[in-house]
Amino acid sequence: MTTLIEDLVNSTAGIPAQKYSAKDFATDQDVRWCPGCGDYSILAQTQRVMPDLGIPKHKTVFVSGIGCSSRFPYYMDTFGFHSIHGRATAIASGLKIARPDLSVWVVTGDGDGMSIGGNHFIHLMRRNIDLNVLLFNNQIYGLTKGQYSPTSEIGKITKSTPFGSLDFPFNPASLALGSSATFVARTLDRDPKHMQGIIKRAAEHKGTSFVEIYQNCNVFNDGAFFQFTEKDSKDETVVFIEHGKPLIFGKEKEKGIRLNGFSPEVVSLKDGKYSVNDLLVHNEKDTTLSFILADMTHKPHLPRPVGIFLAIDRPVYDREMDRQISFAREQRGIGDLKKLFTSGDSWVVQ
Amino acid sequence: MAQKTIENLEEVTIRFAGDSGDGMQLTGTQFTNTTAILGNDLSTLPDYPAEIRAPAGTLFGVSGFQIHFGSNEINTPGDHCDVLVAMNAAALKVNLQSLLDGGSIIVNTDGFNDKNLKLAGYTQNPLKDDSLSKFRVYEVDISKLTALALQDMTISGKLIDRSKNFFALGMMYWMYNRPLETTLDWLKTKFKNKPEILEANIRVLKAGWNFSETTEIFAVRYDVAPAKLPPGRYRNITGNQAVAWGFMAAAKKAKLELFLGSYPITPASDILHELSLYKSHGVKTFQAEDEIAGISSAIGASFGGALAITTTSGPGVALKTEAIGLAVMVELPLVICNVQRGGPSTGLPTKTEQADLLQALYGRNGEAPLPVIAASTPSGCFDAAFEASRIALKYMTPVILLTDGYLGNGSEPWMIPDLDALPDISPSFVTTPEGFQPYSRDHDTLARPWAIPGTPGLEHRIGGLEKQDITGNVSYDPENHDLMVRLRAEKIERIANDIPLAEVEGAPSGDLLIVGWGGTYGSLKNVVARQRAKGHSVSHLHLRYLNPMPRNVGEILLKFKHVLVPEINLGQLVKVLRSKYLVPATGFNKVRGLPLRSAELEIEIEEILKGKR
């Protein structure tokens, strides 16, 4: 006997994804983020990428926690679940384990994902459940009107830290890598093309994919990332990392990153001392390198790395669970409750 | 060989006690299984410390297992025991208070050396003075006899020492005329790849039997005839196993996958262990990183169309509280099973209590009503889990299922139900977008529709923010909030139309009604039976549905002059009954981490009947 879910999955298996446009993923709800919020760009890029994934809308689910970012599911015309603070990762985990046939996305923020949901976050990374996690990092609590967050820079003056925050921030990419994530990337709200490429790669990855998106909160933390996103500074402050390519940056592509021992350092390509051949070449399959690159994040003398830090294959939790079930059924046959109840010691009273 | 007399007994209570490393739980379980197969009715109570291996010989390291069996109906593990098997001085000291005057003590004399006596706090050896004169004491050097039985085997002293519980088991099998086969078969399966351990245990078990048969030490052995249970096929089952199987049966009859999200916690972990075995049945178990992820993953699975459950104990429920509120708001089916233990805080992890009733009924922010069901016997946990699932699926609501440490770990014979006779509880998923509204409601049950991801055209969003009636869109409208709060309450209230009326055991009116719930059922039943045999006008009402309550509860309460509510808490159900039905019910409360003792309750009842209370 099949379960109702198996019936549903089987009966809808033949339905192909339609030729969607970005508009097909918009809902009839008014988008309620503040005008100018970086979230608008993330919503637009996600809606733009969705039609390219070839996944039917009815197979797609967005799960979120609490915070400005977590309003996201209301604006995506897929299945959606706006849950409670910090728990989207845990809810999505259960959903994906129960329903491996679905494409499940988690939308979270730096407070939701790194603070109250920090425990679920690290365990999701190590388990490698096939979920896609988009973390909108604006380095502030927006919905509760402006307290510092676990990614705020040290000394941050906010309503709850009028004398400056004392705690050192998380670097979400390093946290994910340290939790044995298999796909870790960073992108920028003001770089639509880059973001689309990263979201697409995240969707294609088998296992948990984690994407940190630098997102401007123009009300409570305006300009937190402007040095990395604005025209006049970004060439000097950001290095885009790409698999198989040397790390080059600067307005005239005149600077590069080279490894001195295990430490990255900036070198000039103009003074004749170093050439492109001396530069660090990115390899997104190299876990050691991923740590070194992510670690550049809080080093002020180095450009901020943006791109895919790591993309490796490791057994996927939800697939492994299905494999255990199939294996058990091959070995023992499909479980029969009547047999189970009378197994072992039982006796008959006449 | 001396002639031994055989005496017939109607019922016996035996308590096995030793160090927590002595294998007393195993000994008790083996004696239980053999006794069950012989056809006795029985009830068991494991009583063990939270420490896995507390220092040997200490009072806090004593582990006990009590079995009460007989040829008549057995409702409780017994207030006191007739026989105490004590493997050392500490086991004797801790358990002597539960032995009836004139009862028997079988002691392992090797466990009474100077060190043992000191650890147990004895200034002199109780076996050498007359402090045990009101009991029959059988002194056996179990350790030495075990070693002798194994002397030609080349096995470690540690292994020899760990086999001595089988000597004690062999003695008890002889004394109560039980066959060795069940335990022999079990040993052969358990140690099929460890022939030395198998051989050693079999030898020691038989040595214990033969020692009792041959020596003069025991003059009498006893027979306990099979009980007259209703016809059917039986097995022995613990409450935790029955809960697990009840959920499996519910998933089967609902045509759904069973998903358990859980975090290990005493005394509920055995449900997680049990369900983890059944991969071939398609059961998915997820050991989460914490209690919150346990329930959250279950909510996710429920959103995906599984029969989703989470199992825990009181501290875990405290952590899950916010997520339970979410399940109330999104109106998804979910069963939260709380195997209650002594609280507050970490409390008494391995002891039983009934102090989480008010937590289950009211312990959430906002108006967050949900159904609460309590199992009353170990085997009844099966039906309770099935019923909790039925209600969750039919009414699209989280349900709290209350059991307790005594029910979860205790065991009794269970008449194996006919699966075909259990009702079909499969839900109707929405299949078509025509007229679909996420928060429209069934006319009768007020349940909202279950629309599963993967169904074309049903894309919709749910969440923890207040919902607009019918559309499910986010709404801050004051009138809508008032309406939704009332609708959620009304939905739960209407379940009262879908559950059986409460039934009084005994006369429907009279001087005194004993009202109980949960694991006290057996004790209360015995007490009421004895009171009625004395000619007193006492009846018993045991509530399985704590929210909503059966429609006739108020009516029943008014038919008695006094209502007494015995609970293993400081008066939680009594508070609810008084506020709901305005009756002057009084409580009888003992919070010792143990099942209620009948004798104390009977004194209270007789005082009430005499008009002294």
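Reader: What share of the 350 residues in chain A is buried?

Author: Buried here is a neighbour count: 20 or more other C-beta atoms within 10 Å of the residue's own, with C-beta atoms placed from the backbone. By that count, 47% of the 350 residues in chain A are buried. Bear in mind that this is a predicted model, where local features need pLDDT of at least 70, side-chain atom pairs count only at pLDDT 80 or more, and totals for chains, interfaces and linings use all residues. Residues are numbered from 1 along each chain as its sequence is written, and chains are lettered from A in the order in which they are written.

Reader: How many helices and strands does chain A have?

Author: Elements are DSSP runs numbered from the N terminus: helices are H or I with at least four residues, strands are E with at least two. Chain A has 12 of each, helices and strands.

Reader: And how many residues does each chain bring to the contact?

Author: Two residues touch if their C-beta atoms, placed from the backbone, lie within 7 Å. Chain A brings 56 residues and chain B 62. On the chain A side, α3(A) gives the most, eight residues.

Reader: Which strand of chain B pairs with β12(A)?

Author: Pairing takes at least two DSSP bridges between the strands. Here β9 of chain B (residues 232-238) runs antiparallel to β12(A), with four bridges. Within that pairing, look for Val349(A), which sits opposite Gly232(B) of β9(B).

How values were computed. Buried ≥ 20, exposed ≤ 12 C-beta atoms within 10 Å, placed from the backbone.
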